[in-house]
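User: I'm new to this structure and would like a close look at a single part of it, the main sheet and whatever packs around that sheet. Could you walk me through it in one go?

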Amino acid sequence: MSWWDSYRAVYGAELRAAAREYVDHGWPLVPGPGAEVLLSTGEALDVVEVPEAVGRRVCRTLRDAGEVVPVAATPEGTFWFPMTPRHALPAELSLHADVVLHTDGIGVVAPPSSRPDGWVQWRVSPARIGYRIPDAAVVVEAVREAVEHRAAEAVGSTGKGAAGGAEQAGRSLGLADFGARALRR
């Protein structure tokens, strides 16, 4: 057996074991087109996906609040967070193009799946919390805070005054009422 065939056999076993573990803990799967594990969203869980910088801030916010939630990182530079299903994003997040809510049966590529640029991997494994699916309100609030924080940092880098900079950052991030909120903080 060549090293490549050996690698493929081990990877296939890892994928099957991960898929079995997800299903055993109530995390449903959908069939994928290739050698990957796809979590099914909409019934048992939904997934919110954000850029890596926002995801790191979400992790910090959750950690500071004493919350431990599963976090996956993709080679495309995003983090995703599973959460309880059927929770809409607030308007200011749903208008933000790089905050994506996966729901309604959409398959999300889960660890240890391989992608063209690398591996999807757990930053915090769901096994750490017994595969409990985090409350969507907690995750969404942490995402909202992280997006606001990123916008506030953008204000600081524009060199504008608080009102003008907040207004500009709010427009560039698609956050309709960002300026008012930034000034209240």
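Analyst: Let's start with a term: two strands count as paired if DSSP finds at least two bridges between them. By that rule β3 and β5 are partners, since 6 bridges join them, and they run antiparallel. Keep in mind that this is a predicted model.

A bit of context before zooming in. The protein chain has 185 residues, and 44% of them are buried. It holds 6 helices and 10 strands. Take the contacts between residues at least 6 apart in sequence: 73% of those join residues at least 24 apart. As for the outside, the chain's accessible surface is about 9500 Å², with 53% of that belonging to carbon and sulfur atoms.

Now the sheet itself. Five strands line up as β6-β3-β5-β4-β10 in an open, antiparallel arrangement. The edges are taken by β6 (100-102) and β10 (121-124); each has a single partner strand, so one side of each has no neighbour in the sheet. On average, neighbouring strands here are turned by 30° against each other, ignoring direction. Strands in a sheet generally pair through backbone hydrogen bonds, in a parallel or an antiparallel way.

β3 is a good strand to follow, as it is mostly covered: 6 of its 6 residues are buried. Towards β5, Val 48 of β3 stands opposite Phe 81. Towards β6, the pairing is again antiparallel, this time with 3 bridges, and Val 47 has His 102 as its bridge partner there.

What lies across this sheet? Helix α2 does, covering β3, β4, β5 and β10 and running at about 45° to β5. One residue to look at here is Val 58. Setting aside neighbours within four places in sequence, Val 58 is in contact with Phe 81, Ala 142, Val 143 and Ala 146.

That leads to the nonpolar core. In soluble globular proteins, nonpolar side chains tend to be buried together. The largest core here has 23 residues, and the members touching the most others are Val 48, Val 58, Phe 81, Val 99 and Val 143. The elements giving two or more residues to this core are β3 (46-51), α2 (52-64), β4 (71-73), β5 (78-83) and α4 (136-158). The biggest share comes from α4, with 7 residues. So Val 48 and Phe 81 turn up twice in this tour: they face each other across β3 and β5, and both are among the core members with the most partners.

Apart from this core lies another one, of 19 residues, including Leu 15, Val 37, Trp 80 and Ala 110.

There's a smaller piece of sheet elsewhere too, with 3 strands in the order β1-β2-β7, open and antiparallel. Here β1 (29-30) and β7 (107-110) are the edge strands, each with a single partner, so one side of each is left without a neighbour in the sheet. β1 pairs with β2 (residues 37-40) over 2 bridges, and Leu 29 has Leu 39 as its bridge partner.

One last stop is Glu 14, which sits in helix α1 (residues 3-24). Is Glu 14 buried or exposed? With 42% relative accessibility, Glu 14 counts as partly exposed, because that class runs between under 20% for buried and over 50% for exposed. The C-alpha atoms of Glu 14 and Ser 113 are 9.2 Å apart, although 99 residues separate the two along the chain.

How values were computed:
Residues numbered from 1 in each chain as written. Predicted model: local features only at pLDDT ≥ 70, side-chain atom pairs only at ≥ 80, totals over all residues. Heavy atoms only, no water. Core = buried A, V, L, I, M, F, W, Y, C linked by side-chain atoms within 4.5 Å. Buried < 20%, exposed > 50% of the residue type's maximum accessible area, 1.4 Å probe, protein only. Helix = DSSP H or I, 4+ residues; strand = E, 2+ residues; numbered from the N terminus. Contact = heavy atoms within 4.5 Å. Axes fitted to C-alpha atoms, helices over the stretch in contact; angles between N-to-C directions. Areas by Shrake-Rupley, 256 points an atom, 1.4 Å probe, with all protein chains shown as cover.
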